[in-house]
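Visitor: I should like to understand the terms used to describe this structure. Could you set each one against its criterion?

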Amino acid sequence: MPQHLWNPEEYQRLPDLDGLVYRSNLLGRDRAVVNIYGGNTSAKLMLTDHMGREVEVLAVKASGSDVATITAPQFALLKLDEIYPLFDREAMTDEEMIEYLSRTAFEQGRPRQSIETLLHAFVPFKHVDHTHPDAVISIACAPDAEAEARRLYGDRMAYVPYIRPGFTLSQWIGQKVRDNPGIECVVMGKHGLVTWADDPVTCYDNTIRMIQEAEDYCADARKGKRVYGALTVPGLAADARRATMSQVLPVIRGAVSKWSPTILSYDDSAAVLDMVGSDKSGEVSQQGAACPDHLVHVKRQPLFVHWTPDEGVDALKTKLIDGIAAYEAAYRQYFEECMEPGDELRDPFPRVILIPGLGMVNTGKDAQNADVSRQLYHRAIEVIGAAEALGGFNSLTAKEAYDIEYWPLELYKLKLAPAPRDFAGRVVLITGGASGIGRATAYRMAKDGAHVVIADINAEQGEAVAADLCKKFGFKRSIFVHCDVTDEAAVQNAFQQAVLTYGGLDVLVNNAGIAGGAKIEDTTLEMWNRNMDILATGYFLMARESFKVLKTQAMGGVMVFVGSKNSISPGKGATAYSAAKAAEAHLARSLAEEGGPYGIRVNTVLPDAVIQGSSIWDSEWKEARAKQYGVKVEELNDYYRQRNTLKVEILPDDIAEAIAFLASARSAKTTGAMLTVDGGVPTAYVR
């Protein structure tokens, strides 16, 4: 049920454009009313131009914006007196229309207008809403959509059959409204709803009212029906679902990342489990997409995996690999059959994968993209289900789908996107990521597109780092997992969380550490074991679990060990620490040999005395080091600086830069190496 959220007290204080923002945001709060990034709203306003003249302006949602979060600068402003004459044209190509509208800009620097701008201009009312309500699209996808819509709305509605958005559709809708002054809405076949009024409150009221009527109509049709058929494969218990998915998600990620690195999203909500486990879903889901907005982010069809839990995980892995390969072949055939001269094949792998008993997997170039796919397939489940209740789901045809997917205007948006950064679509797990080198590395790699798992025993700092990375770099760009690297179960849990959140792993930064030491006769067994447990055993446990994921993905991978100057240069008064750091370095070299055949590279960075921002350089360790070198604590930084060849202080950002280099494709042919970042300590020169 769409909520009526209009608050007169909130609205009355808003100027014209902010009032349009308010109306748009209210509509966008309910995704059953407007799809994410879908729909558009407008207002015809009188604004003052740079010369003080009053000008009638169309304010319309710009391309690529989301009505739920849109702000005033994200609306295009166009001069209406230059647009109105277009209504009398016989035809206009998309390219001609875009070029013409770009010349009608009222204000420089605003984003490009939506392809449906003329729809808003041609409807002769001051306020227009174009929404994509689930219930209306269900009616618009019924076997006889116009007759179904007429049964609901009667003569209060005009209907236009499906046609790709652009000049012709806008002209049809404008003509329908002008020729039928008593109608209250236009229903667009396989597309959505248009409503209007001369004041914003009435426009909003009309939109909500029409959607409510459609929802009630569909709800009546669904009463007593299981629209996807009988539930034949119930969802597994939650723990079993997660355990199974943690094994198969890396298989999926490796298979769908052959075009470009991909992030996965896993959804096992009740609605999804019910749909994927129902006996008609395997057939109905393959009929096609309900509307253009769904199609752009979920593709024409999902991959439905015909599997039951009694077949076992190994059978599921095989069916996923075979299914994804078959999907790719079918997509390439679809492209060949529908392509126009000059078209270039795009990513042929599924955006939605449905698995009975387990749920849905969505894919995307990043977590945000995968989540948009997830959200929109939830909308598709609702739309297809209600259409089935009305007599059957009538989807976009293959050619209609192709013409949206390979629409030059959609491809134009992609061409404007910057080139992928070094870690775009990559997943990085950093131990000791809450502070010092680990934290600096997290920010450095997130800046270049990485999705970062912060693994640390310090929950408060780790959660703060992950939250800040999301704030700075985008939706779900980081998560925190509590992890004691000496605890085998905790290490396994950290990898399971990474896999369930992102689908797999590309880079392990083995960085968690401690500092401390004493002369050999003062080194207790407890001190020795603690150093070995964290710096050697911990690195081993993390590397072992990484190998399992990376080999399952079969797409290569990288490990970077954060060693120390002490890995190759004796550390007087730090025997246990130095021995453990030496073990790290040799472990890395050994793993480089073991990982080579699988494209897994393993390298080591050797820093020295990175004090700034480090949680391990507490006062006790600084005091011990100062005493060892015969200097005051406050002189220790300068001591380290003076002892290296370049006379520089080594900072966390310096190590992060080296780690990023070794983790990136820039070092694609380097493995088993040790890179010193110490300002030049002669005893630590690699021989």
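Guide: Let us begin with α17 and α24, which are oblique to each other. This is a predicted model.

Visitor: Why are α17 and α24 called oblique to each other?

Guide: The axes of helix α17 (residues 436-447) and helix α24 (residues 652-663) cross at roughly 55 degrees. An angle under 35 degrees would count as roughly parallel, and 65 to 115 as roughly perpendicular. The value of roughly 55 degrees fits neither class, and the pair is therefore oblique. The two axes come within 8 Å, and α17 passes α24 in a right-handed crossing.

Visitor: Which residues of α17 and α24 meet?

Guide: On the α17 side they are Gly 436, Ile 437, Ala 440, Thr 441, Arg 444 and Met 445. On the α24 side they are Pro 652, Asp 653, Ile 655, Ala 656, Glu 657, Ile 659, Ala 660 and Ala 663. By class, this contact of α17 with α24 has nine nonpolar, two polar and three charged residues.

Visitor: What makes Lys 647 count as partly exposed?

Guide: Its relative accessibility is 43%. Buried requires under 20% and exposed over 50%, so Lys 647, at 43%, counts as partly exposed. Lys 647 lies in the loop between α23 (636-643) and α24. Its phi is near 55 degrees, a positive value in a residue other than glycine.

Visitor: What makes Tyr 37 partly exposed?

Guide: Tyr 37 has a relative accessible area of 34%, which falls between the limits of 20% and 50%. Tyr 37 is found in the loop between α2 (16-28) and β1. Its phi, near 70 degrees, is positive in a residue other than glycine.

Visitor: How do you know that strand β2 is largely enclosed by the rest of the structure?

Guide: Strand β2 (residues 54-61) has eight residues, and six of them are buried. Since buried means under 20% relative accessible area, β2 is described as largely enclosed by the rest of the structure.

Visitor: What makes β2 a paired strand with β1 and with β3?

Guide: Pairing requires at least two bridges between two strands. Seven bridges join strand β1 (residues 40-48) to β2, and these two run antiparallel. Five bridges join β2 to strand β3 (residues 75-79), again in the antiparallel sense. Both counts therefore satisfy the criterion. In the β1 pairing, Ser 42 has Val 60 of β2 as its bridge partner; in the β3 pairing, Ala 59 stands opposite Leu 77. β1 and β2 form a hairpin with five residues between them, and Gly 52 in the turn has a positive phi of about 85 degrees.

Visitor: Why are β8 and β9 said to stand at the edges of their sheet?

Guide: The sheet is open, and its four strands follow the order β8-β11-β10-β9 with mixed pairing. β8 (263-267) and β9 (303-304) each have a single partner strand, so one side of each is left without a neighbour in the sheet.

Visitor: How do you know that β10 and β11 pair?

Guide: Strand β10 (residues 352-355) and strand β11 (residues 359-364) share four bridges in the antiparallel sense, and at least two are required. Within this pairing, Leu 354 stands opposite Met 360 in β11.

Visitor: Which helices lie across β8, β10 and β11?

Guide: α9 lies across these strands, running at about 150 degrees to β8. Helix α14 (residues 367-389) also lies across them, running at about 135 degrees to β11.

Visitor: What makes α9 oblique to α19?

Guide: The axes of helix α9 (residues 238-256) and helix α19 (residues 488-502) come within 9 Å and cross at roughly 60 degrees. That angle makes α9 oblique to α19, because roughly perpendicular begins at 65 and roughly parallel lies under 35 degrees. The crossing of α9 and α19 is left-handed. Residues of α9 including Arg 242, Met 245, Leu 249 and Arg 253 meet residues of α19, among them Gln 496, Val 499 and Tyr 502. The residues of this contact divide into seven nonpolar, three polar and two charged.

Visitor: How many residues has the protein chain, and what share of them counts as buried?

Guide: The chain has 687 residues, of which 56% count as buried. It contains 24 helices and 18 strands.

Key:
Residues numbered from 1 in each chain as written. Predicted model: local features only at pLDDT ≥ 70, side-chain atom pairs only at ≥ 80, totals over all residues. Heavy atoms only, no water. Axes fitted to C-alpha atoms, helices over the stretch in contact; angles between N-to-C directions. Parallel < 35°, antiparallel > 145°, perpendicular 65-115°, else oblique. Left-handed = near helix turned anticlockwise from the far one by under 90°. Contact = heavy atoms within 4.5 Å. Nonpolar A, V, L, I, M, F, W, Y, C, P; charged D, E, K, R; others polar. Buried < 20%, exposed > 50% of the residue type's maximum accessible area, 1.4 Å probe, protein only.
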